[in-house]
Each structure stands twice: as C-alpha cells, then as structure tokens.
Amino acid sequence: MNIQIKHNSNQYEINSDEGTAISIPVKFNDSQNPKFYDTGNPEKKYYSSDGIEYSLSKGAGCNVPLINMNIHCSGTHTESANHVLSGGKFIGEIQNTNFISSQLISVQPESSTDEDYHAAYSDNDKIITKNILSNIELDKDFMDAIIIRTLPNDESKKTMNYNNAHHPFLTNDAVRYIKEMGVKHILIDTPSIDRYDDDGKLGNHHIFFTDNEKPNTNTITELIFVPNSCEDGKYFLSLGIASFNLDAAPSSPIIYKIK
Ligand SMILES: [Zn+2]
C-alpha cells in the first residue's frame, strides 16, 4: 500500500509492504543471540496447569510459553529515560513511535580523539565522534531519529559476544551534537551508546535522556542489525516497542524507504 506522508512542509511516499526489519530475532534455549555482560540465553518453557503442559509438541491445543530473558543484554530493545533516571517515563508510556523521520548513516569508528568522554578509555577503544558525524551530510528537517550502522557490518553482529569484543561507543560531544540536531530517538547496532565499562556512570545516556535537568521522552534502541542491502539515507521508522511498564522492552523497528 502506498502511503503519502506530509512531514514539515514536504510530501513523501512510502510503500507499507516494503519495510525492512532492523531487529535481531530472539532465539530461545539457543546460544545464537548477541551477549553483553549476561552470558545466559533467553529461556522458554510452557505453562502447566492441572497436569497439562500447554505445548503443541506435548499434545495440548495451543502453545502458552513462559519466557525469561535479559532485555538489555540479549537482543534488540528500546529504552526510555527510566533506564537511568527514576523519574523517567516507562518505555510503554512513550507515544508516537510510528512513521518517525529518520536517517540511516554508516560510520567507521576512530581509534583516537580529543573529544570529551566522561570516563577513562584505552588505545584499543573504537570511538564514534562528533568529528565523524559532522562530516556526514544530514537533513536537519528529517532528523527525529538517527540510525547508526557501525562498520564493518556483517551477520556476526547477530550472535556477537560483546564481552570478548568491546563495541564502539560515542563521545559526549557526539551525543550532544545528535541532540542539537533535534534527534529524539537513537538506534544503534551496538549494545550501548556508552563504553562497555564507564564506571557505571552511563554518561551518554544521561546526556541524551535529560533536558533542563529533567528526564525527557527520548528513546535509545540498541542491538539492532541493519542489512547491507539498506542504503544510507532517509527512511520513515516505526519502532515497534512492546508496551511494558519497565525502563525497556524488546522492539522490532521497521524502516520504510522513501519512494
Ligand atoms: Zn539497553
């Protein structure tokens, strides 16, 4: 179905049948998932009552799975300010998360920078800087979300153990630059916008989730995977967040190319 979207003063068209999922499917009782800190896997079993195990494979009339998963550490998820600020809204309370103007960019992280970061880092770190971002031509009128694909990009991200291979992270200057561009939603294919270990400060999260010292309604989506078939550029984005009264929920972002 072709949909006309008026955004600011411009008219755009997308085909709702041609969206691309940029999430990592969650596998249960299977180690083929990304891992960050927690090395356990998402688990499932089936609800049992009165001697019936509600699983088709056990002869029941339907499947009723019970799951146990670490939302932040094992797959694509979206988080709200409540992740780091007790007064922040739950992720399920964040409104208007469909047809968000967004730009997909691909970045080759740098190995050194003199930009600000709130914690010590080492020569082995890979860093996404304001310098990189400011050299990419971005349309400020189409920047409610930014989708960051780190290079190199391949399918290994779907099963990466980030305890062994630490991910690239953003400088504080890069996050401030993104905010200044009007971005309300960051999506990234790493497990965090902060360093693997920043002494527990989550400084970039605090910058992005705070306006005038109060929690805002921004979101961060981590552990996405953007197929190489998607070209950098403008898309409309639907975040597809489960409505949880928590700081985060699994999500299934879909991007729609502008025709
Ligand atoms: Zn998270």
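**Exercise 1. The contacts of Ile178 and the nonpolar core**

Task: State which residues Ile178 is in contact with, leaving aside its neighbours within four places in sequence.

Solution. Ile178 is in contact with Leu133, Ile146, Val183 and Ile186 once neighbours within four places in sequence are set aside. Two residues are in contact if their C-beta atoms, placed from the backbone, lie within 7 Å. The structure is a predicted model, in which local features need pLDDT of at least 70 and side-chain atom pairs count only at pLDDT 80 or more, while totals for chains, interfaces and linings use all residues. Residues are numbered from 1 along each chain as its sequence is written.

The next step places Ile178 in the core. The largest nonpolar core has 46 residues, and Ile128, Ile178 and Ile186 touch the most other members. A nonpolar core is a set of buried Ala, Val, Leu, Ile, Met, Phe, Trp, Tyr and Cys residues joined through C-beta atoms within 7 Å. A residue is buried if 20 or more other C-beta atoms lie within 10 Å of its own, exposed if 12 or fewer, and partly exposed in between.

**Exercise 2. The protein as a whole**

Task: Determine how many helices and strands the protein has, and why it is described as compact.

Solution. The protein has three helices and 19 strands. The radius of gyration is 19 Å, close to the 18 Å that the globule rule gives for 259 residues, so the protein is as compact as a globular protein of that length. Helices (H or I, at least four residues) and strands (E, at least two) are DSSP runs, numbered from the N terminus. The radius of gyration is taken over C-alpha atoms, and the globule rule is 2.2 Å times the number of residues to the power 0.38.

Further totals complete the picture. The C-alpha atoms fill a box of roughly 60 × 45 × 40 Å along the principal axes. Of the 259 residues, 37% count as buried. Among contacts with a separation of 6 or more, 72% are between residues 24 or more positions apart.

**Exercise 3. The sheet of nine strands**

Task: Give the order of the strands in the open sheet of nine strands, and identify which strands stand at the edges.

Solution. The order is β3-β19-β17-β9-β11-β13-β16-β8-β18, with mixed pairing. At the edges stand β3 (20-21) and β18 (248-250), each with a single partner strand, so one side of each is left without a neighbour in the sheet. Two strands pair if DSSP finds at least two bridges between them.

Individual pairs can then be followed. β3 and β19 (residues 254-257) pair in the antiparallel sense over two bridges, and the bridge partner of Ala21 in β19 is Ile254. β17 and β19 also run antiparallel, joined by four bridges, with Ser238 opposite Ile254. β11 and β13 (residues 185-188) pair in the parallel sense over four bridges, and Ile147 stands opposite Leu187 in β13.

**Exercise 4. The hairpin and unusual backbone angles**

Task: Find which residue in the hairpin of β1 and β2 takes a positive phi, and where a cis peptide bond occurs.

Solution. Strands β1 (residues 2-7) and β2 (residues 10-15) run antiparallel and are joined by six bridges. Ile5 stands opposite Tyr12 in β2. Two residues lie between the strands of this hairpin, and Asn8 takes a positive phi near 50°.

Most residues other than glycine have a negative phi, and most peptide bonds are trans. The bond from Leu151 to Pro152 is cis, with omega near 0°; Pro152 is in the loop between β11 and β12 (169-170). Leu223 has a positive phi of about 60° and is found in the loop between β16 (219-222) and β17 (233-238).

**Exercise 5. Two loop residues**

Task: Decide whether Phe225 is buried or exposed, and how Met143 is classed.

Solution. Phe225 counts as buried because it has 20 C-beta neighbours inside 10 Å. Phe225 lies in the loop between β16 and β17, and its contacts beyond four places in sequence are Ile22, Ile24, Lys157, Lys158 and Asp189.

Met143 counts as partly exposed because it has 19 C-beta neighbours inside 10 Å. Met143 lies in the loop between α1 (130-134) and β11 (145-150). Not counting residues up to four places away in sequence, Met143 touches Ser101, Gln103, Leu138, Met181, Gly182 and Val183.
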